[in-house]
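User: I am new to this structure and would be grateful for a close look at a single part of it. Please take one helix, set it in the context of the whole chain, and explain what surrounds it.

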Amino acid sequence: MNGTIFQLKYGSHRNIALQKDWNEHGANNFTIDILEKLEYDKDDSKMDYSDDLEILKAIWEEKLMKENMKFYNE
């Protein structure tokens, strides 16, 4: 999160739409939070959580759209 805020603050974030809105509306009009933590398996053999992260992303995109909140895809 600190890296994201740093990039936005100095105008170097790779998401152009997010950077544009950040510049136009200012930091005080944004909230950056951890929405959910992914629980890791106790089994150390699982190293790829890509599918799990995609599912969580889809769930949160849907929740945010229902609340009329903007979701910035990268």
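**A close look at the second helix**

Analyst: The accessible surface of the protein comes to about 6500 Å², and 51% of that surface belongs to carbon and sulfur atoms. The model is predicted, and the description below should be read in that light. The protein holds three helices and zero strands, so that its elements, read from the N terminus, run α-α-α. The radius of gyration is 15 Å, whereas a compact globule of 74 residues would have a value near 11 Å. Along the principal axes, the C-alpha atoms fill a box of roughly 45 × 30 × 20 Å. Of the 74 residues, 15% count as buried. Among contacts between residues at least 6 apart in sequence, 38% join residues at least 24 apart.

The part chosen here is helix α2, with Q19, K20, D21 and E24 as the residues to follow. Q19 lies in this helix. Is Q19 buried or exposed? Q19 counts as buried because its relative accessible area is 6%, which is under the 20% cut-off for a buried residue. The side chain of Q19 has two polar partners to note. One is the backbone oxygen of L8, which lies 3.0 Å from a polar atom of the Q19 side chain. The other is the backbone nitrogen of H13, which the side chain of Q19 reaches at 3.0 Å. Once neighbours within four places in sequence are set aside, Q19 is in contact with Q7, L8, G11, S12 and H13.

D21 also belongs to helix α2. D21 is buried because its relative accessible area is 12%, again under the 20% cut-off. Which residues does D21 contact, leaving aside its neighbours within four places in sequence? They are G26, F30, K70 and Y72.

K20, by comparison, counts as partly exposed, with a relative accessibility of 46%. The side chains of K20 and E24 meet in a salt bridge, with 2.8 Å from N to O. Side chains of opposite charge can pair when their charged atoms come close. Both K20 and E24 lie in helix α2 and are four residues apart, about one turn of the helix.

A search of the whole structure finds two salt bridges. Besides the one between K20 and E24, E62 forms a salt bridge with K66, the closest N and O atoms being 3.3 Å apart. E62 and K66 both lie in helix α3, where they are four residues apart, about one turn of the helix. E62 counts as partly exposed at 45% relative accessibility, while K66 counts as exposed at 64%.

Two further residues help to place helix α2 within the chain. D48 sits in the loop between α2 (16-25) and α3 (50-66). D48 counts as exposed because its relative accessibility is 55%, and its side chain makes a polar contact of 2.6 Å with the side chain of S50. M69 is found in the segment after α3 and is partly exposed, with a relative accessible area of 44%. From C-alpha to C-alpha, M69 and K20 are 17 Å apart in space, and they are 49 residues apart in sequence.

In short, helix α2 carries the buried residues Q19 and D21, and also K20, which is partly exposed and joined to E24 by a salt bridge.

How values were computed: Residues are numbered from 1 along each chain as its sequence is written. This is a predicted model: local features need pLDDT of at least 70, side-chain atom pairs count only at pLDDT 80 or more; totals for chains, interfaces and linings use all residues. Side-chain values use heavy atoms; hydrogens and water are left out. Helices (H or I, at least four residues) and strands (E, at least two) are DSSP runs, numbered from the N terminus. The radius of gyration is taken over C-alpha atoms; the globule rule is 2.2 Å times the number of residues to the power 0.38. Buried means under 20% relative accessible area, exposed over 50%, partly exposed in between (1.4 Å probe, protein chains only). Contact means heavy atoms within 4.5 Å. Accessible areas come from the Shrake-Rupley method with a 1.4 Å probe; for residues, only the protein chains shown count as cover. A polar contact is a pair of N or O atoms within 3.5 Å; within protein, one must be able to donate a hydrogen and the other to accept it, and residues adjacent in sequence count only if both atoms are side-chain atoms. A salt bridge is a side-chain nitrogen of Lys or Arg within 4 Å of a carboxyl oxygen of Asp or Glu.
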